[in-house]
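Biologist: I have a model open and want to learn how to read burial and strand pairing. Can we go through some cases?

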Amino acid sequence: MSKATFDPKTYNLSSNEAFATVLQKHLSRRSLIKGGLGVAGMSLLSGFGLSGCSDDDKSSAARGTLGSSSETLGFQSIPGSRTDAVVVPEGYNARILAPWGTPLNSTAQAYRPDGTNTAVDQENAVGMHHDGMHFFPIDGSSTDGLLVINHEYIDEDALHPDGPTIDPVTELRTSAEEIRKEINAHGVSVVRVQLINGEWQVVANDPLNRRFTGATEMDIAGPLANSPLLQTRYSPAGDVTRGTSNNCGNGSTPWGTYLTCEENWPGYFMNSAASRPADQDRLGIPNDGTRYGWHHLAGDPSEVDQEFARFDNTPTGASALEDYRNEANGFGYTVEIDPYNPTAKAVKRTALGRFRQESRTFGPLVEGEPVVSYAGHDSRFEYIYKFVSDALWTAADANPVDRLATGSKYMDAGTLYVARFNEDGTGDWLPLTLDSVTTDGQTLGSLFATQADIILNTPGAADAVGATPMDRPEWVAVDPVNGTVYFTLTNNSDRETAAAVSPRVGNEFGHIVRWNEDGIDRFNWEIFVFGAPAIADADTNRSGLTTANQFASPDGLIFDGRGIMWIQTDNGAEAVTEQTNDQMLAVVPSRLRDSNNDQRVVDASNQDELRRFFVGPNGCEVTGLAFTPDHTTFFVNIQHPGNWPFSDNAAEAAPEGVTVRPRASTVVVRRNDGGPIGV
């Protein structure tokens, strides 16, 4: 059928030096300096300022003096697993909560395993393919709160009894009902959950239960609000758009709102015009079809406000007010949601940049200094960004009356930066403003007319100033103990085309980079851990991983409030998948210290500090993580499982020969004795 026929993964055509080359040079320099130890046995991060907000030398507290968590891991690393069940350490249990199709109100009928639920049912039920997630307590409670869950994409064969209906002659979609159902399965769910008699339950018909779908109207804020670049037939003022899609990673704000990030959204649109805007080519909007063929139903008698036509951005009218050439310009953002207000619209914060956003995390807050957040562009050879607010942090804003107004204060005006990594272990934050100097000595103002134009093509602007193409930057996390920033670089199977001297050609296994800020525009970086199979040679398994903690393709990355870092994998490396399904590991980075109290990376001397805690069922990705305030419960998502779940016990596999309809689900993990998780 007429869908996109190319894989939109690499659109960076710049000549910027790739991280593969930078890393190879860095490793060579470190080997010379340290007599052959390489990066695995040392750390460059010994005491730089961490706030990332101040250029002057303020007190050590303001600069983020290095500290160590007092927590130690209280479980032993569990073996890898290849079963249709979740595996957790001895003394823990895992239960199913809020699987796809769970009704959120009385409008939705109960989930039907045969796929016959309607589009209206799906609009009022938990969406499909759970991903990033956060727990928002009600009045500070650890037994009552709101789970806000991303839904990244859909499985058409599971949504419809016999798969999508397609005309055998034209190969076009023919059912508006099916497409509405698919659109409604995307987006975000807000779900009230409570711990009752020792079991977490969804609160049926709670007034705070809510869905944001691929069709929900959302406000536009920041530089692109009310811009001609956002004008469409539906939104002549350019102030609203419909829907959010491909919601992968997430974040939460210091003022109590949820951030959902739009990742692989370009494939949902198309533009077949011979001449296309530069941002559409740079970001990868197809020219020959869309991911699910939603545009096929344009002009259907039941279509309302061109709900399907909007996915085809080919100009057809005399101006943007007569067609949907600008529809995709409303996507690619961090979206803010106030989960506590059931009537508040979601807001797309355009000042934070437009790209394939994976997750967003805030740096340490310092009274009287700007608010800093980080995000990555999840594609091969793409970039890492940070945003520094114009407004200075006020502690009273942690509990505001109007949360979305506070979001506007700190996320609608500020400076967007992109990272350049240097071979000596330093880095530069390059501003993306009209007066920023490009690699050929011009300014961005010579290439872009306004700041809105820069935002619209954020990666194109980053190309021009010389940012470093990375190996799929996905989730970002900031250590609450000392402010060090960590980023998963999941993998890059195309890496050899960028650097013939790569130490791990193809970068099949991925790694985690970390840095400490050194003022607003500088940082100091290193590799915290290299993913690898335990059997790999020393040049590949640079961190000395063993069978107790081998992993590949680090993806989800979350710190809990105690300083424990949780690493989730989206494995694709056969050498590791032969040993275990996707998993979650734990480590306390701030405890890895040497005799000088300097931070250390994962190496042969501290393998027991990195432990496998959780393994998912066959075929799944382990993603999303949220803790209750007292750390006695955590919620983790299982996306696209195989033959799972069989029962409410997530650790129970289906009997041999029994097939179940797969359902992405949130899994609740607790200690049998009710104590805090992981310690």
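Biologist: Which residues of H9 are buried?

Modeller: Bear in mind that this is a predicted model. Buried means under 20% relative accessible area. In H9, that covers Thr458, Pro459, Gly460, Ala461, Ala462, Asp463, Ala464 and Val465. That is 8 of the 8 residues in the helix, residues 458-465, so H9 is largely enclosed by the rest of the structure.

Biologist: What follows H9?

Modeller: Gly466 does, and its phi is positive, near 95°.

Biologist: How many residues of strand S9 are buried?

Modeller: Apply the count again. S9 spans residues 247-252, and 5 of the 6 are buried, so this strand too is largely enclosed by the rest of the structure.

Biologist: In which sense do S9 and S10 pair?

Modeller: Antiparallel, over 4 bridges, with S10 at residues 258-262. To see the register, find Asn250: Thr260 in S10 stands opposite. The two strands form a hairpin, with 5 residues between them. Look in the turn for Gly256, which has a positive phi of about 90°.

Biologist: Now a loop residue. Where is Ala328?

Modeller: Ala328 sits in the loop between helix H6 (278-283) and strand S11 (334-337).

Biologist: Is Ala328 buried or exposed?

Modeller: Buried, with a relative accessible area of 0%.

Biologist: Which residues does Ala328 touch?

Modeller: Leave out residues up to four places away in sequence, and the contacts are Trp265, Phe269, Ile285, Asn313 and Arg354. For a C-alpha distance, take Asp312: 16 residues from Ala328 along the chain, with 9.1 Å between their C-alpha atoms.

Terms used:
Residues numbered from 1 in each chain as written. Predicted model: local features only at pLDDT ≥ 70, side-chain atom pairs only at ≥ 80, totals over all residues. Heavy atoms only, no water. Buried < 20%, exposed > 50% of the residue type's maximum accessible area, 1.4 Å probe, protein only. Pairing = 2+ DSSP bridges. Contact = heavy atoms within 4.5 Å.
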